[in-house]
Amino acid sequence: MSEQTLERIARNKNVARAAARQLSMEQLHKLAEVIGEVIEQKNDEERQRQEEEADKARKLAEIREQINEAGLSVEDLVPEQPQRKRGRPPKKAADKA
């Protein structure tokens with residue numbers, strides 16, 4: 001079953017019913033079990049991602065507070081980046097001859 005088919009089934013109840021008619025009750029129960037596991041796994045992954053983002057934000061706030069307590073700014077920590085030269089160098093006139 002392709003991703004497009006799953007998306008169609010998920011968007012339209014009538015399409016889902018038509019697809020379900022092709023399966024036995026045992027297959028439908030197994031499908032429901034598998035989908036439940038997938039949903040649980042996605043919820044766990046989302047919860048873990050949110051916890052990691054919250055931890056990162058907390059660490060960043062702590063570092064900013066330490067920087068401020070030390071009397072520094074972010075600009076003091078990051079050196080200026082050298083300016084890049086733009087464009088290509090001019091061709092020499094001798095190369096054309």
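**Entry 1: A nonpolar patch**

A patch, as I use the word here, is made of residues with over 30% relative accessible area and no salt bridge, and nonpolar side chains are joined into one patch within 5 Å. With that in mind I turned to the model, which is a predicted one. I looked for nonpolar residues on the surface and found that Leu23, Leu31, Ile35 and Ile39 form such a patch. Together these four residues have about 320 Å² of accessible area.

I then took up one member of the patch, Ile35. I located Ile35 in helix α3, which covers residues 25-69. Is Ile35 buried, exposed or partly exposed? Its relative accessible area is 42%, so I entered Ile35 as partly exposed. Because a patch residue needs over 30% relative accessible area, the 42% of Ile35 satisfies that condition.

**Entry 2: The chain as a whole**

I next recorded the elements of the protein chain. How many helices and strands does the chain have? I noted 4 helices and 0 strands. Read from the N terminus on, the order is α-α-α-α.

I then looked up the overall dimensions. The radius of gyration of the protein chain is 29 Å, whereas a compact globule of 97 residues would have one near 13 Å. Along its principal axes, the C-alpha trace spans about 75 × 65 × 20 Å.

I also asked what share of the 97 residues counts as buried. The value is 1%. For the accessible surface of the protein chain I wrote down about 9900 Å², and 51% of this belongs to carbon and sulfur atoms.

**Entry 3: Charges**

I looked up the charged side chains of the protein chain and found 20 positive and 20 negative ones. The centres of the two sets lie 13 Å apart. A search of the whole structure gave 7 salt bridges. I followed some of them in the entries below.

**Entry 4: Glu46 and Arg49**

One salt bridge joins the side chains of Glu46 and Arg49, with 2.4 Å from N to O. Why are these two residues separated by about one helical turn? They are 3 residues apart in helix α3, and this spacing is the reason. I checked the exposure of both partners. Glu46 has a relative accessible area of 33% and is therefore partly exposed. Arg49, at 35%, is partly exposed as well.

**Entry 5: A network in helix α3**

I then examined Asp55, Arg58, Lys59 and Glu62, which are linked in a network of salt bridges. I took the pairs in turn.

Lys59 forms a salt bridge with Asp55, and their closest N and O atoms are 3.5 Å apart. Both residues lie in helix α3, 4 residues apart, which is about one turn of the helix. For Lys59 I noted a relative accessible area of 42%, so this residue is partly exposed. Asp55 also counts as partly exposed, at 29% relative accessibility.

Which residue does Arg58 bridge to, and at what distance? The partner is Glu62, and the closest N and O atoms are 2.9 Å apart. Arg58 and Glu62 are likewise both in helix α3, with 4 residues, or about one turn of the helix, between their positions. Arg58 counts as partly exposed at 43% relative accessibility, and Glu62 does so at 38%.

**Entry 6: Gln66 and Asn43**

My final lookup concerned Gln66, which is found in helix α3. Is Gln66 buried or exposed? Its relative accessible area is 52%, and because the cut-off for exposed is over 50%, Gln66 is entered as exposed.

I also compared the position of Gln66 with that of Asn43. The two residues are 23 apart in sequence. In space, their separation is 35 Å from C-alpha to C-alpha.

Note on methods
Residues numbered from 1 in each chain as written. Predicted model: local features only at pLDDT ≥ 70, side-chain atom pairs only at ≥ 80, totals over all residues. Heavy atoms only, no water. Patch = residues over 30% accessible without salt bridge, like charges linked within 9 Å, V, L, I, M, F, W, Y side chains within 5 Å. Areas by Shrake-Rupley, 256 points an atom, 1.4 Å probe, with all protein chains shown as cover. Buried < 20%, exposed > 50% of the residue type's maximum accessible area, 1.4 Å probe, protein only. Rg over C-alpha atoms; globule rule 2.2 N^0.38 Å. Lys, Arg positive; Asp, Glu negative; His and termini not counted. Charge placed at Lys NZ, Arg CZ, Asp CG, Glu CD.
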